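Trainee: Please take one part of this model and go through it closely. Then follow the thread outward from there.

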Amino acid sequence: MEHRVVITGMGIWSCLGTTLDEVRDSLYTGKSGIAFSQEHKDAGFRSALCSTIAQPDLKPLVPRNLRQFMPEEAQYAYMSTRQALENAKLDIDYIAQHEVGLIFGNDSTAEATVNAIDKFRDFHDTAACGSGSIFQSMNSTVTMNLACLFKLKGINLTASAACASGSQAIGLGSLLIRNGLQECVVCGGAQEANMFSVAAFDGLQSFSVREDQPSQASRPFDRDRDGLVPGGGAATVILESYEHAVRRGAPILGEIISWGFSSNGDHISTPNVEDPARSLELCLKNGGVSPDEIGYINAHATSTKIGDAREAQAIARIFGDRRVPVTSTKSQTGHEMWMAGASELIYSMLMMKNDFIAGSLNFENPDDDTACINILPECQEVHFDMFLSNSFGFGGTNSTIIVKNL
């Protein structure tokens, strides 16, 4: 027996806001979360553009002896998960008596690792790393910390799939619930926003250098795009079986209809068209969904020349003449990397629940590759009941999720 998978809670810690209401308003008004960082410039970055994320104050919430285990991304994830659990009406007493799982996307812990090794080198003593450094520097740091802090006793798993990590986490969570292996799973994605985590990206000349116009730097699908802008934060969604959600009287926000995935099996960083298209095709097929039923596509589009072009062609290949509205919220947030698949599902949910589609900022002119899809440059008030969200990562990791309004 397959179980329906529903979303009962959401939480966000983003450059667009630290509550769902703030983020909804930012999406609607077209607010940009991107700024120029003098710290990055002074450190030697080619591009000093990045998103601006509020630093959470965990002192009133988490004891000091537990905070020592939490790197930056785990702190963001803690805040978004607190919100999501509250939003889903899941309290500590219920969690203590039931098996609640946890799957989070995370693919780096750069700053924690750098700090520990620097202390070791400075003092020539491994003890100088500190007792919390090993837990901060492991890739599973987010799930380790969240499971202990929220007393979650179901599956405990980190999904590391580059920029598809957050989407893969949600897809895996939905798969477990659909097959009856878990009734409730906390899913999401987290991305550290310090300069150590993106220095190598800058070294590859992956970032936009439109430093005098930060809010205009991220321009997915636009002819004059010149690279992405790094971002970060965390996003959490609570997934439950429909039966479980009804049984406990949970708010039901939407339904995960299907998950599609593929691997390019090709170049480690240059995407192709065929395999992202296969991820979309499988997602539609797995959910028994017609392209005509999709009211909105939240594109992965990061504002790179090749990536945006290949995704546009993949969408056009699957949707044909169906001119479904497409935008990339990365035009406002920059590329939130390991977090993006989760945050963009929440951004799309906020649009669907409030009858609008946020415009793809800075989309002024298509090029020969991106003119084949219907990109909305400005916010439009429109009702839709089903959306598709793409996430593609290094290594040719592709993930697509379809969500229906309830």
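Mentor: Start with Asp 21. In this predicted model, Asp 21 is partly exposed, with a relative accessible area of 47%. Its side chain meets that of Arg 24 in a salt bridge, 3.2 Å from N to O. Arg 24 is also partly exposed, at 24% relative accessible area. How far apart are Arg 24 and Asp 21 in helix α1? They are 3 residues apart in helix α1 (residues 20–29), so about one helical turn separates them. The background is simple. An α-helix has 3.6 residues a turn, so residues three or four places apart point the same way.

Turn now to the covered pairs. The salt bridge count for the model comes to 15. Asp 222 and Arg 219 form one of them, with the closest N and O atoms 3.1 Å apart. The cut-off for buried is under 20% relative accessible area. Arg 219 counts as buried because its relative accessibility is 3%. Asp 222 counts as buried because its value is 0%.

Next comes Arg 225 with Asp 308. Their closest N and O atoms are 3.6 Å apart, and the two form a salt bridge. Arg 225 sits in the loop between α10 (199–203) and β7, while Asp 308 sits in helix α13 (residues 305–319), so the pair ties together parts that are 83 residues apart in sequence. Arg 225 is buried, at 2% relative accessibility. Asp 308 is buried too, at 0%. Back to the starting point: salt bridges that share partners join Asp 21, Arg 24 and Asp 25 into one network.

The loop of Arg 225 leads up to β7. That strand takes us to the sheet. Here 11 strands form an open sheet with mixed pairing, in the order β5-β4-β6-β7-β1-β8-β13-β12-β9-β10-β11. The edge strands are β5 (156–159) and β11 (374–375), each pairing on one side only. Strands β1 (residues 5–13) and β7 (residues 233–241) run antiparallel, joined by 8 bridges. Val 6, for instance, has Glu 240 in β7 as its bridge partner. Helix α4 (residues 72–87) packs on the sheet and touches β1, β4 (101–105), β6 (184–191) and β7. The direction of α4 makes about 135 degrees with that of β1.

Move along the sheet to β12. How many residues of strand β12 (residues 386–393) are buried? The count is 8 of its 8 residues. Met 386, Leu 388, Asn 390 and Phe 392 point one way from β12. Phe 387, Ser 389, Ser 391 and Gly 393 point the other way. Both sets are buried.

Now the partners of β12. Strand β9 (residues 296–298) pairs with β12 in the parallel sense, over 3 bridges. Within that pairing, Tyr 296 has Phe 387 as its bridge partner in β12. Strand β13 (residues 397–405) pairs with β12 in the antiparallel sense, over 8 bridges. There, Phe 387 stands opposite Val 403 in β13. A hairpin joins β12 and β13, with 3 residues between them. In that turn, Gly 395 has a positive phi of about 85 degrees.

Most residues other than glycine have a negative phi. That makes the next cases worth a check. Ala 162 has a phi near 50 degrees, a positive value in a residue that is not glycine. Its place is the loop between the edge strand β5 and α9 (165–178). Ala 162 counts as buried because its relative accessibility is 8%. Asp 355 has a positive phi of about 60 degrees and is not a glycine. Its place is the loop between α15 (340–353) and β11. At 34% relative accessibility, Asp 355 counts as partly exposed. Lys 151 follows helix α8 and has a positive phi near 60 degrees.

Helix α8 (residues 141–150) is mostly covered, with 8 of its 10 residues buried. Among them are Val 142, Leu 146, Leu 149 and Phe 150. Thr 141, Thr 143 and Asn 145 are also buried in α8.

One surface feature to finish. Ile 134, Phe 135 and Met 138 form a nonpolar patch, with about 250 Å² of accessible area together. Phe 135 belongs to helix α7 (residues 133–137). Its relative accessibility is 36%, so Phe 135 counts as partly exposed.

Notes. Residues numbered from 1 in each chain as written. Predicted model: local features only at pLDDT ≥ 70, side-chain atom pairs only at ≥ 80, totals over all residues. Heavy atoms only, no water. Pairing = 2+ DSSP bridges. Helix = DSSP H or I, 4+ residues; strand = E, 2+ residues; numbered from the N terminus. Contact = heavy atoms within 4.5 Å. Axes fitted to C-alpha atoms, helices over the stretch in contact; angles between N-to-C directions. Patch = residues over 30% accessible without salt bridge, like charges linked within 9 Å, V, L, I, M, F, W, Y side chains within 5 Å. Areas by Shrake-Rupley, 256 points an atom, 1.4 Å probe, with all protein chains shown as cover. Salt bridge = Lys/Arg side-chain N within 4 Å of Asp/Glu carboxyl O. Buried < 20%, exposed > 50% of the residue type's maximum accessible area, 1.4 Å probe, protein only.
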